[in-house]
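Let's take a walk through a protein model together. Keep the viewer open and look up each residue as you read.

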Amino acid sequence: MRPAPLLLPLALSLAMSTAFADEAPVQPRLQPSLLALSTQPSEAELHATIEKLVGFGTRHTLSDTKSDKRGIGAARRWVKSRFEQISKECGGCIEVATPSQVFTGKRIPQPTEVMDVVAIKRGKTDPKRVIVMTGHLDSRVTDVMNITSDAPGANDDASGVAALMEAARILSRQDNDATLVFAALSGEEQGLYGGKVLADYAAAQGWQVEADLNNDIVGNSLGQNGVRDNLTVRVFSEGTKSNETPEQAKYRAYHGGEVDSPSRNVARYMERIATSYLPDFRVHMVYRTDRYSRGGDQVPFLEAGYPAVRVSEGHEDYTRQHQDLRTEKGIKYGDTIDGVDFRYLARVTALNTVTMASLSRAPAPPSGVSTEGALATDTTVHWKKVPGAAGYVVHWRDTTAPQWQYSRVVGDTDQAVIKDVVIDDWFFGVSAVSADGYESPVVFPGDAGGFERSPAPKSP
Ligand SMILES: [Zn+2]
């Protein structure tokens with residue numbers, strides 16, 4: 001049996017002092033419109049996108065930018081034109097930006113412009129609050145400095161780019177209160193440069209990034225170990241904030257919060273989305289920033305103080321990653337399109353699409369969350385009200401439990417007393433709920449869990 005989902009109205013509803021006795025407080029609801037979205041991603045669209053991207057031969061960051069047929073420049077221009085086409089079909093609902101910076105580095109010997117292609121669908125009521133989905137357009141072969149050999153990068157990471165372009169197409173037809181951003185990044189294989197370009201751009205625009213869902217290697221369901229698993233996707237999240245100060249770390253180490261960064265609570269949110277809306281699909285939460293000793297474009301976001309997770313297939317096949325196209329001892333190497341399972345990729349796309357829709361329709365996560373209750377038999381939770389919220393839910397769980405276990409709907413208030421639940425033995429958090437029942441991620445108290453960008457960032 002699956003666990004009782006957070007997003008279903010199973011929470012015990014209690015009329016609090018601020019709610020009228022005959023008026024039930026708002027509570028999270030299963031949303032039929034999100035269920036409908038979960039079946040929208042088209043395998044044919046995903047296939048067409050990857051086929052087109054593979055057709056550019058190589059999309060190496062240092063490859064040709066002038067040709068219309070081959071190289072990163074042609075690929076970027078094609079993605080831009082696709083976003084513009086999607087925008088045309090929704091009456092101009094999407095703006096396309098191409099932020100760039102020039103870098104020199106270990107894997108970029110000559111100053112090179114690294115450019116991202118970014119589709120922005122402004123939120124109706126909360127445009128500064130931003131939900132981001134990323135994937136990287138650039139590809140590589142065995143030698144990371146080889147800029148001419150064919151590097152199809154069908155799974156790494158045309159799959160992620162195809163997913164975000166399909167999510168953009170679907171969500172262009174939907175309402176969103178917060179802003180949605182879909183970004184095809186470059187420079188990942190040369191050192192996560194495109195992630196930095198976008199994180200800097202977000203800061204310059206004053207975006208309040210609530211989450212970056214970084215999709216990298218999301219289309220293969222057959223592991224190198226022979227395991228076929230088309231029902232699971234991994235979501236990696238850091239436990240503590242990358243930019244935590246020593247003082248914050250000291251407080252957190254004593255009081256708890258080492259598994260409750262905002263990124264981790266975004267991962268928990270995605271796990272619940274899968275449980276509630278994708279009955280044949282499961283999020284495998286991994287308590288790590290990324291795979292062991294490896295990285296991705298979520299890292300520059302985390303370093304900039306923005307919550308971010310990495311989404312990756314459940315079982316990788318390393319013979320298909322960063323490989324020259326060849327056959328050796330009967331083994332076919334290379335990241336070709338025949339290694340992509342499009343039904344699987346459609347499910348990953350659905351997980352992202354539903355998560356973005358849900359986050360963007362929910363209020364912002366509460367800020368200023370704190371708890372008190374030492375030497376008492378009850379726990380008191382405080383928070384600041386957020387715009388668009390019609391009510392709040394206090395959640396708690398055993399200190400060793402991976403997912404929120406208990407909750408109480410508490411109405412439109414900024415504090416709640418949880419009777420007979422002793423603060424010592426549980427972790428607490430708070431979510432905000434809109435009038436129509438969309439719920440924000442749960443926020444763990446204090447600096448360890450807050451979604452605000454802290455400490456105050458220096459300007460880029
Ligand atoms: Zn990658």
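Below we look at a metal site, a charged neighbour, two helices and some unusual backbone spots.

## The zinc site

First, keep in mind that this is a predicted model. The zinc ion gets its protein donors from His-136 (NE2), Asp-156 (OD) and Asp-216, which is listed with OD twice. These atoms lie 2.0 to 2.6 Å from the zinc ion. Along the chain, the donor residues follow the spacing H-x19-D-x59-D. His-136 sits in strand S6 and Asp-156 in the loop between S6 and helix H4, so this pair ties together parts that are 20 residues apart in sequence.

What do the angles say about the arrangement? The four donor atoms subtend angles of 53 to 144 degrees around the zinc ion, and that makes the arrangement irregular. His-136 counts as buried because its relative accessibility is 1%, and Asp-156 is buried too, at 5%.

## A buried charge next door

Now find Glu-189 in helix H5 (residues 188–191). Glu-189 touches two of the zinc donors, His-136 and Asp-156. Its other contacts include Arg-107, Ser-139 and His-322.

Glu-189 is buried, yet it has no salt bridge. The nearest side chain of opposite charge belongs to Arg-140, 4.5 Å away; a salt bridge would need the atoms to be within 4 Å.

## Two helices

Helix H8 (residues 262–277) has 16 residues, and 16 of those 16 are buried. From first C-alpha to last, H8 reaches 22 Å, close to the expected 22 Å.

Helix H3 (residues 72–89) has 18 residues, and its end C-alpha atoms are 26 Å apart, which agrees with the expected span of 26 Å. Among its buried residues are Ile-72, Trp-78, Val-79, Phe-83 and Ile-86. What covers the buried residues of H3? The cover includes helix H2, H4 and several strands, among them S2, S4, S5 and S7.

## Odd spots in the backbone

Most residues other than glycine have a negative phi, and most peptide bonds are trans. With that in mind, check the bond from Asp-156 to Asp-157: this one is cis, with omega near 5 degrees. Asp-157 is in the loop between S6 and H4.

Ile-217 is not a glycine, but it has a positive phi of about 70 degrees. Ile-217 lies in the loop between strands S8 and S9. Asp-420, also not a glycine, has a positive phi of about 60 degrees, and its place is the loop between strands S18 and S19. Which of these is buried and which exposed? Ile-217 is buried, at 2% relative accessible area, whereas Asp-420 is exposed, at 64%.

How values were computed. Residues numbered from 1 in each chain as written. Predicted model: local features only at pLDDT ≥ 70, side-chain atom pairs only at ≥ 80, totals over all residues. Heavy atoms only, no water. Helix = DSSP H or I, 4+ residues; strand = E, 2+ residues; numbered from the N terminus. Expected span 1.5 Å × (residues − 1). Buried < 20%, exposed > 50% of the residue type's maximum accessible area, 1.4 Å probe, protein only. Donors = N, O, S within 2.8 Å, 3.2 Å for Na, K, Ca; no water. Tetrahedral: all angles 85-135°; square planar, octahedral: opposite > 155°, others 65-115°. Lys, Arg positive; Asp, Glu negative; His and termini not counted. Contact = heavy atoms within 4.5 Å. Lists of a residue's contacts leave out its neighbours within four places in sequence.
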